[in-house]
Amino acid sequence: MASFLAVGSDDFCHGGSIYPNPKESNILLSLGRHVDVYFPPCKRSRISAPFVFSGERFEQKPSIEVLPDECFFEIFRRLPGGQERSACACVSKRWLTLVSNIRRDEISDKTTEALNLKDVDSEVGDQDVQGGGYLSRSLEGNKATDVRLAAIAVGTASRGGLGKLFIRGSNSSLGVTTVGLRAISRGCPSLRVLSLWNLSSLGDEGLREIADGCHQLRKLDLCHCPAITNESLHAIGKGCPDLTDLTIEGCANIGNEGIQAIARYCPNLKSLSIEGCPLVGDQGIASLLTSASYSLTKVKLQALNITDVSLAIIGHYGKAVTDLSLNSLPNVTEKGFWVMGNGHGLQKLKSFTIKACLGVTDLGLEAVGKGCPNLKQFCLRKCAFLSDNGLVSFAKAAGSLESLELEECHRVTQFGFFGSLLNCGPKFKAISLVNCLSIKDLSLGLPPLSRCESLRSLAIRNCPGFGDASVAALGKLCPRLQNMELSGLHGITDAGFLPLLESCEAGLVKVNLSDCLNLSDKVVCKMADLHGWTLEMLNLDGCCKISDASLVAIAEDCQLLSDLDVSKCVITDSGIAALARSGLINLQILSVSGCSMVTDKSLPSLGKLGQTLLGLNLQKCEAISSSAVDLLVERLWRCDILF
């Protein structure tokens, strides 16, 4: 039998049966009693198909296909290397399936050494090898099938090994099943990152296969896999004890038992994200936090049925947590945030995001500020019961705060906004206010010596009540601003913005004034004059009063400007020509989208600017012909042109 299976040998069976005992022929060759196989009498010849008789008719079949799977398996596992097995896998789906089901420890000992040598050579020469010598593969939509997974398992085995696998299914009936993950588990023992999205046909058996064969798994991402249950997490916990990163989203059949299994078997878990799993409650969260108290650094909990108990556990046992996100937790109350802040366990917390939690109140927020002494970044979104008093109290308590973002906090007014600036610590650098509808443009009597010297970045977006008085107050309060975004503020005019420009002492670097409809060329000319020596990015998208005069000022004074957006402004060919004539400006990004007065006459100017341009937006420029764009595309081959 050994000589018959030896690939590449000249030995051949000379007539008669290859088995001393005729009964042994049924062990591997299940051909039936009416099947007769002809063997050449003496020397090797070209293989021809045997005649297979069945009753009164006969048919001709390829001789190799009459061998059973067991025989092919023995042949494939004795091949001298991974490249040979890959070549065999290309023959048919049957051969691919058989090759992909060979475990690494099932490869014949005589070929293991040769395989390892070839793996090393292939790994060095492979251009796709990622960090650590592992390959990364991704399957999306209809391409996510068992056959492709089998091909990946076979193809990567001899090229350094698969380290990362991302599967984004389409929930079709031909999607990934246990068969595909079985091939991965047997052929890719080095797998460390596995991401499974939208796989309705995948059940617990597939994850058990991964747990049995991929013991080096570090990161697991399960998103909208409805057939996955607690059994999968139990198997992963036992088979992959080195798991450090777990993300579960929209898996309705995963509950506390599965989370507790991870807590029991994976003590080194560093990152946890659970979203939209209704069966996960306080018991699961408590078990994870208590077991991984000194390793868990990142926690995200969203749309779960947890209560104040979970927040109390986080506040007490989250000793290593540096990044915390709590979103859409309807059963958490003011008491939960108060207890979490007073638990004194979040000493290392640096980034905290709270979204759509009705339990966020002034009392709870103040406790969070006091209980997180090293908090640097804080984001509050859709917190309906937070008022000015709570925001100011938090700013006073959070002495290490560097960045604050408020979005759709409709009880916060200009008093809370400016109060937080006046009471923040010396490390405070950035503040963002988005869609806060209670902001009103009132003249505030700020103390003459009160200044927020540390603030470098300011963003006010879509707050309709923010007007000239507020902008003027900002100029006096924050003289060291460098990055400024005031977008969608229709109440701002030249009268309010010009004093702000004059108050900025450090020099503006990035300015976004998109959709500020009442700003004119005076603002841009003054900005170019005072801050042209530092300005690198300017966005004037939708500022319908900006004309060629602004481009002339920019061309003369803004030597460092690399990104300019004048979309939907009233500029013409003359303005583009002024930019092109400047020998100082070196634009890399230019957008003139929606500028109806820019025509084909700007083609030479755009060509000259294209010497440095990497991106050019000409969308909705109706006066520019398609032939002109084609010519630009031909000339500016290194520039990405949108039309």
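**Salt bridges, a covered helix and a buried serine**

Arg 480 is partly exposed in this predicted model, with a relative accessible area of 29%. The side chain of Arg 480 meets that of Glu 505 in a salt bridge, with a distance of 3.9 Å from N to O. Arg 480 is located in the loop between helix H18 (468–477) and strand E16 (483–487), and Glu 505 in the loop between helix H19 (494–503) and strand E17 (510–512), so the pair ties together parts that are 25 residues apart in sequence. Glu 505 is likewise partly exposed, its relative accessible area being 49%.

This pair belongs to a network of salt bridges that links Arg 451, Glu 453, Arg 480 and Glu 505. Within this group, Arg 451 forms a salt bridge with Glu 453, and their closest N and O atoms are 3.5 Å apart. Arg 451 has a relative accessible area of 39% and is partly exposed; Glu 453, at 38% relative accessibility, also counts as partly exposed.

In total, 14 salt bridges are counted in the model. Side chains of opposite charge can pair when their charged atoms come close. Another such pair is formed by Arg 381 and Glu 407, whose closest N and O atoms are 3.5 Å apart. Since Arg 381 lies in strand E12 and Glu 407 in strand E13, this salt bridge ties together parts that are 26 residues apart in sequence. Arg 381 counts as partly exposed, at 27% relative accessibility.

Strands E12 (377–381) and E13 (403–407) also take part in covering the buried residues of helix H16. Helix H16 spans residues 388–397, and its buried residues are Asp 388, Gly 390, Leu 391, Val 392, Phe 394 and Ala 395. The cover over these residues further includes two helices, H15 (362–371) and H17 (414–423).

A separate site concerns Ser 293, which is placed in the loop between helix H12 (282–291) and strand E9 (298–302). With a relative accessible area of 6%, Ser 293 is buried, because the limit for this class is under 20%. A polar atom of the Ser 293 side chain lies 2.7 Å from the backbone oxygen of Tyr 317. When residues up to four places away in sequence are not counted, Ser 293 touches Tyr 317, Lys 319 and Ala 320. Tyr 317 thus appears both among the residues touched by Ser 293 and as the residue whose backbone oxygen lies 2.7 Å from a polar atom of that side chain.

Definitions and conventions
Residues numbered from 1 in each chain as written. Predicted model: local features only at pLDDT ≥ 70, side-chain atom pairs only at ≥ 80, totals over all residues. Heavy atoms only, no water. Buried < 20%, exposed > 50% of the residue type's maximum accessible area, 1.4 Å probe, protein only. Helix = DSSP H or I, 4+ residues; strand = E, 2+ residues; numbered from the N terminus. Contact = heavy atoms within 4.5 Å. Salt bridge = Lys/Arg side-chain N within 4 Å of Asp/Glu carboxyl O. Polar contact = N/O pair within 3.5 Å; in protein donor to acceptor, adjacent residues only side chain to side chain.
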